[in-house]
Amino acid sequence: VTVSAPGKTADPAATSGRLRPLQVAWNSSWPLAAGIAVALLVDGLLPGAVGPYYSRIALDAGIAMTMALSLNIVNGMTGQFSIGHAGFMALGGYTAGLLTYYGSLWLWGSTARHGGAFGAGEWLFAASCLAAALVAAGAGYAVGLPSLRLRGDYLAIVTLGFGEIVRVILQQTNPVIRDAESLRNAAWNQLIPPPVGGSLGFVGLPKYTNLFWVYAFLAVTAVAAYRLKNSSLGRAMISVREDEIAAQAVGVNVTRQKVRAFVLAAAFAGIGGSLFAHESAVIITPRDAGFQRSFDYVIMTVLGGRGSITGVMVAATVLIALPEFLRDFEQYRLVVFALVLIVMMLVRPEGLFGVHEVWELWARRRRRGKKTNA
Amino acid sequence: MADFIQTLVTALAVGSLYALIALGYTMVYGILKFINFAHSDIVVLGAWISFTLSRFILTRLGGDLAAAPPWWVGLVVLASAMAACGLIGFTIERLAYRPLRRAPRINVLITAIGVSLFLQNFGQLPFIFGASPQRMPELLPNRELLRLTFGDPAGEVVVIGLVDAVIFVTAGVLMLALETLVFRTRLGTAMRAVSFNTDIAALMGIPVDRIISFTFVLGSALAAAAGFLYAMRYPGLNQPADAIWVLLGLKAFVAAVIGGIGNVRGAVLGGFLIAFVEQFGAFYASSNYRDVYVFALLIVVLLVRPTGLLGSPLAEKV
């Protein structure tokens, strides 16, 4: 059995044994810094350059990329099959919404946006995103630990069931409390279960999501995913994907790897959910925890190539942008998507990019070209 | 007491629907070892084909949809829906699943999701069934078959509806027929052999592909029957891509897993079990959480007995 390890295998640090901590920090921090710089640029330039309509598509695409990348850690790298990802997303979205909405009421007495760019309101939002990640990760651990001992397709059903349970539970929540006065006078039975709007959805969240936050969190997700893929931890996950029994035989704790992947993916999904919930003209509802949204993200990871980070990003962008240009064919959209999915599995089951990144494909083609020249 | 028996009656009717659908999941899983996500959509097609056909027949008979139709209309509709869905199941297996016979299971699973999405959204196109809910014509008069009274003086009443009784009997007949087919005929022996070990079955001269096709036809026909009966009991038909259908299929799959997937008797047991949990939970606890009970039961069963109630422990082959 060959356990494929994608990426650079000739990394000098990898062959010489241990990585120095400073180098590890550098390897992670420069792409992250670059990503955040890109996010600043996108936020500053894109709306002026292409107008609000395309900026909105870019925003949606950024959230979809975050979600698809996080799902890719479980479905692509570890080879498990989770189809309840939207459950974690909704859980994160509701957690963050609870914090920003009632936090704003408590701190500033109103639920409107507070402060300008990088003002107090935005930092409350960023902190809520991290809290959402923690709560979603906790849920991922609680669901993952018992169910990841099961074989692949049972896991699919348990995750699907999880998403549905989240949806049903969110439907039973209390109505949103409108202002600070009623919040102070609220009785216990108005606060438990939490007042997040029931089946109508969490209405009135402050709309903090903008291009900067979306692309900054996307940068964090993408860099984390890429660093994970090329780390020993990621390789352990990939070995689980390639052959569970062989991985176990060489000393990989299979269940632990699966739980890790699951928890990580859930955490990033929580962030994605928070970004989604605070997007303008969006109301997060219990339906967002349902399997239809989960399927969207599964399709993105499958089309992009299971394990390819750039591939998944390309697929997510295409799948978000395409329907916008096919508005007139709305009813045929999902028919076509379904056919593409089936044909893809029959013709090119490894996805558009397989396990490779976009630049690896280009480099390989150049190498092949050189060989024929010589 | 009367409440208890009334809930029991409902659970038996709903449970036989779950059992019929679960049989299709379990048979396909037993042989091909993957979850046929498109199975719930065959149920949808069964329900919608029944709707289209019965409306067609009733308008031909005289155009009066309100009058009670002759007794044979239901049988004709049931038989044609089963035949049509059997054909659809055969086509799906031939075109989408057979080319992937040697592919990793996850690819087949994704294809199944693709087929499921396709059927849902294709069925919803304006020239197929359309994207709005419809009302199934009443093929059976919606009257009481039996009325039991309890208590002294007789105050509590249990009503057994004709539709519930018909559902239970039809499903029972179909399940007995399947039981006979699987355990008493040569074809059934071949099916069990293929399920036990495909490669060795092929070596023994069993036409594996033909048996798999037959299994799909059988499962799809049962699903169509379930769809027909479902439409009789809940005449407000939701549009083909509605989430309610996926949830129905999901519960039936849960039934198959709880009973021990791959085990035909287990699927029936699981179907009735989750119907009991759902109906009694809804009645005695809270009906808002009826879906939660089912999935909670699934998680408990999987943790305590990962192979299901009647499933045999399976060693992982290296």
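This is a short talk on a predicted model with a chain A and a chain B, covering the contact between them, the cavities, some helices and a few single residues.

Some ground rules. The model is predicted, so local features need pLDDT of at least 70 and side-chain atom pairs count only at pLDDT 80 or more, while totals for chains, interfaces and linings use all residues. Residues are numbered from 1 along each chain as its sequence is written, chains are lettered from A and ligands numbered from 1 in the order in which they are written, and side-chain values use heavy atoms, with hydrogens and water left out.

I start with the contact between the chains. Contact means heavy atoms within 4.5 Å. On that count, chain B brings 45 residues and chain A brings 38 residues. The size of an interface is often given as the accessible area lost when the parts come together. Here the buried area, which is the accessible area (1.4 Å probe) that two parts lose on being put together, summed over both, is about 3,800 Å². Carbon and sulfur atoms give 78% of that area. On the chain B side, B:I106, B:I110 and B:L117 lose the most area to chain A, together 14% of what that side buries.

Next, the empty space. Rolling a probe the size of a water molecule over the atoms shows where empty space is left. A cavity is a set of points, on a 1 Å grid over the protein atoms alone, where a 1.4 Å probe fits but cannot get out; its lining residues have an atom within 4 Å of a point. Grid points are joined across faces, edges and corners, and a volume is the space filled by probe spheres set on the points. How many cavities of 30 Å³ or more does a search of the whole structure find? It finds five.

The largest cavity holds about 90 Å³. Its lining includes A:F295 from chain A, along with B:Y25, B:F37, B:D41 and B:Q120 from chain B. Helix 2 (39-61), helix 4 (105-123) and helix 9 (243-259) of chain B each give two or more residues to this lining. Helices here are DSSP runs (H or I, at least four residues), as strands are (E, at least two), numbered from the N terminus. Helix 9 of chain B gives the most, with three residues. By class, the lining has five nonpolar, four polar and one charged. Ala, Val, Leu, Ile, Met, Phe, Trp, Tyr, Cys and Pro count as nonpolar, Asp, Glu, Lys and Arg as charged, and the others, Gly among them, as polar.

The second largest cavity has about 40 Å³ of space. Among its lining residues are B:N36, B:H39, B:I92 and B:F216. The classes here are four nonpolar, four polar and no charged residues.

A:F295 takes us to helix 12 of chain A, where A:F295 is one of the buried residues. Buried means under 20% relative accessible area, exposed over 50%, and partly exposed in between (1.4 Å probe, protein chains only). In this helix, 11 of the 14 residues are buried. The expected span of a helix is 1.5 Å times one less than its number of residues. For helix 12 (residues 291-304) that gives 20 Å, and the end C-alpha atoms are 20 Å apart, which agrees. After the helix comes A:G305, with a positive phi near 110°.

Helix 3 (residues 85-108) of chain A reaches 34 Å from its first C-alpha to its last, close to the 34 Å expected. Of its 24 residues 18 are buried, so the helix is largely enclosed by the rest of the structure. A:G109 follows, again with a positive phi, near 75°.

Most residues other than glycine have a negative phi, and most peptide bonds are trans. A:A281 is not a glycine, yet has a positive phi of about 65°. It sits in the loop between helix 11 (254-277) and helix 12 of chain A. Is A:A281 buried or exposed? It is exposed, with a relative accessible area of 76%. B:K33 also has a positive phi, of about 60°, and lies in the loop between helix 1 (2-32) and helix 2 of chain B. B:K33 is partly exposed, at 29%.

Last, two buried residues. B:A226, in helix 8 of chain B, counts as buried at 1% relative accessibility. Leaving aside neighbours within four places in sequence, B:A226 is in contact with B:L17, B:L20 and B:I21. A:I238, in helix 9 (residues 232-242) of chain A, is buried at 2%. Its C-alpha atom is 5.3 Å from that of A:T78, 160 residues apart along the chain.

Conventions:
1 Å grid on protein atoms, 1.4 Å probe; cavity = no way out; pocket = protein on both sides within 12 Å on 5 of 7 lines; lining within 4 Å.
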